[in-house]
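Student: I am new to this structure. May I ask some short questions about it?

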There are 2 protein chains.
Amino acid sequence: MTRATRVADLGEAGLLAAIGGLLPRGRHTLVPTGDDAAVVAAPDGRFVVSTDVLVEGHHFRQGWGTAEDVGWRAAMQNLADIAAMGAVPVSMVVALVLPPAQPVEWVLGLARGLAQACGPLGVGVDGGDLSAGEGVVVAVTVHGLLEGRAPVLRSGARAGDVLAHAGVLGHAAAGYAVLAAGGRESAAAGGPVDDELVRDFLRPRPPLDLGPAAARAGATAMMDVSDGLLRDGARLARASGVVLDLDPLTTTVPHALDRLGPAARRLGVDPQEWLLTGGEDHGLLATFPAGTALPAGFRRIGRVTAGEPGVLLGGGVPDVAGQGWDHFGG
Amino acid sequence: MTRATRVADLGEAGLLAAIGGLLPRGRHTLVPTGDDAAVVAAPDGRFVVSTDVLVEGHHFRQGWGTAEDVGWRAAMQNLADIAAMGAVPVSMVVALVLPPAQPVEWVLGLARGLAQACGPLGVGVDGGDLSAGEGVVVAVTVHGLLEGRAPVLRSGARAGDVLAHAGVLGHAAAGYAVLAAGGRESAAAGGPVDDELVRDFLRPRPPLDLGPAAARAGATAMMDVSDGLLRDGARLARASGVVLDLDPLTTTVPHALDRLGPAARRLGVDPQEWLLTGGEDHGLLATFPAGTALPAGFRRIGRVTAGEPGVLLGGGVPDVAGQGWDHFGG
């Protein structure tokens, strides 16, 4: 098989065989992929499930990153949803739509990216489906286990709680902006700092371990920040019927402003906009009862107060241009 | 909201709110859709999972059936995979890619079709994801419970077993051919018989109850027939290392030949080809130890013998034009 081999040349069975050898079996997988369905263990009698889709031209562009990057990101953005419930991911299935002319090597790269993300965690890629279509679509469904704990919902925050965040903020938005302004060459021109932002966009590293750690520490509410701190924070605020009042960002995330500064200056963007509205970092936003010793990796970024549900910054309405991401531009 | 309202007009949040009210919560759903992930009960400590994707222009065409039909079929073809393991479906999640100009009414129809299929079964639609894209893609992941039983795999058939089938054979292929030959008007011209074939294509009714029933009756192997009896039968044969020897179809499925006859004559097709290679009926192919009282709804269609794994018809190699469906034409 040469690098130029297309999906249509190999056919469905050949492609499945080629992919299958690359994908990990999970530690909880009882019957792996290859039958009508897989069987996965759920020792505490419950499983957690979430689904997320990536579309070529919307969530990724060929040429910006590698196929491995796309597979990695498809896995990580789903794994983060499981962590955000306080659960441990164990299994995923992947539905893949491919144009017949798609290079087989690209598909194998995607499979390697999925495996790089899932394998070390003991997460199995336990099934999939292939179909022809006009553009590439990667639909991932991921499953996790609560290990006997209650799930941490968005609705449990109470006035008086501490608001905390783990992971990076604004890096993916900044990395995307660097690529959109001129691709990888522009990133290289920006030096190692910009290059790191691009890497954080292409290969997000959500703090997956901190989901269960937050649950064990008594988190009252938690969610994955995928559409930006303001937009996702507002969702948590509405679900809980509370206000999230962010401390000034210069005090809570000073290093982030350093990190984002050079690219922001070059592109003429207010770095605070990336921090507040940038999506796809897949950090964890959580609330804890006052006085909780936060798990290492979480930093306090504000507090929960009573009032009309929403997000404030230093007690006032945040003044930024974008308010986060709507997939249909509505 | 008028019928002409587009997805882009309503936006992601508005669309989610409109869909959400239409979807059923399942009998086993502990935390429904709306958080980062759902939580579903799995009382025997295991869950079964499978995923399947439908792509506009490949699996369905707008104008042939309604949006409800697409939702129904997306659900049913997934539910059949759970039944084929001997499991009872309990939960699904749906990732949806939509062009911004897609009518909102179409999306609501899709949701109603999913609900029509899932609601009466107590299956929850427990999560989803929306994205913009060029064409419509519906990716469904479905979960089931084994209720303490062992899963029925493809690999358990043994020489001496009886080969049985439940559900219809060739109807979906015939219904598709009728539509492809001239759309619904052509179907109407063919009268009520052709109309029933079109309905079986647009709204398959897999014998879902018979999956667990087969497991309880001691089925040694089972699978969903989605790509045609010959192609799927060969998969079961290879997985088990056996030969599936079909009895002559005139003795085992005479009524099917009556049903398919008029459309076959009109379109100049050998109805045996539809029976042997037609996909998307989502019947169940199963093997049972000789002497098993087959659950009502299963009919004996052949036997399992030793030899080079494959499918025979009356002891010989089947002589038909198509050999089933490859999604990439390979």
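Tutor: The answers below deal with the two copies, then a helix, two aspartates and a strand. This is a predicted model, in which local features need pLDDT of at least 70, side-chain atom pairs count only at pLDDT 80 or more, and totals for chains, interfaces and linings use all residues. Residues are numbered from 1 along each chain as its sequence is written, chains are lettered from A and ligands numbered from 1 in the order in which they are written, and side-chain values use heavy atoms, with hydrogens and water left out.

Student: What rotation superposes chain B on chain A?

Tutor: A rotation of 180° does, with 0.0 Å of shift along its axis and an RMSD of 0.0 Å; the fit is by least squares on the C-alpha atoms of residues with pLDDT of at least 70 in both copies. The two copies are thus related as by a two-fold rotation axis. In chain B, the C-alpha nearest that axis belongs to Gly45(B), 2.3 Å from it.

Student: Now helix α1 of chain A: how far apart are its end C-alpha atoms?

Tutor: They are only 15 Å apart, although α1, residues 7–20, has 14 residues and a straight helix would reach 20 Å at 1.5 Å a residue. That expected span is 1.5 Å times one less than the number of residues. Helices (H or I, at least four residues) and strands (E, at least two) are DSSP runs, numbered from the N terminus.

Student: Where does α1(A) bend?

Tutor: The bend is at Ala13(A), by about 75°, taken as the angle between axes fitted to the seven residues ending there and the seven starting there.

Student: Which residues of α1(A) are buried?

Tutor: Among them are Val7(A), Gly11(A) and Leu15(A). Buried means under 20% relative accessible area, exposed over 50%, and partly exposed in between (1.4 Å probe, protein chains only).

Student: Is Asp227(A) buried or exposed?

Tutor: Asp227(A) is buried, at 11% relative accessible area. Asp227(A) sits in the loop between β8 (221–225) and α8 (229–240) of chain A.

Student: And what does Asp69(B) touch?

Tutor: Leaving aside residues up to four places away in sequence, Asp69(B) touches Leu202(B) and Arg203(B), where contact means heavy atoms within 4.5 Å. Asp69(B) lies in helix α2 (residues 67–83) of chain B.

Student: In which sense do β9(B) and β11 of chain B pair?

Tutor: They pair in the antiparallel sense over four bridges; pairing requires that DSSP find at least two bridges between two strands. Asp245(B) stands opposite Arg303(B) in β11(B).
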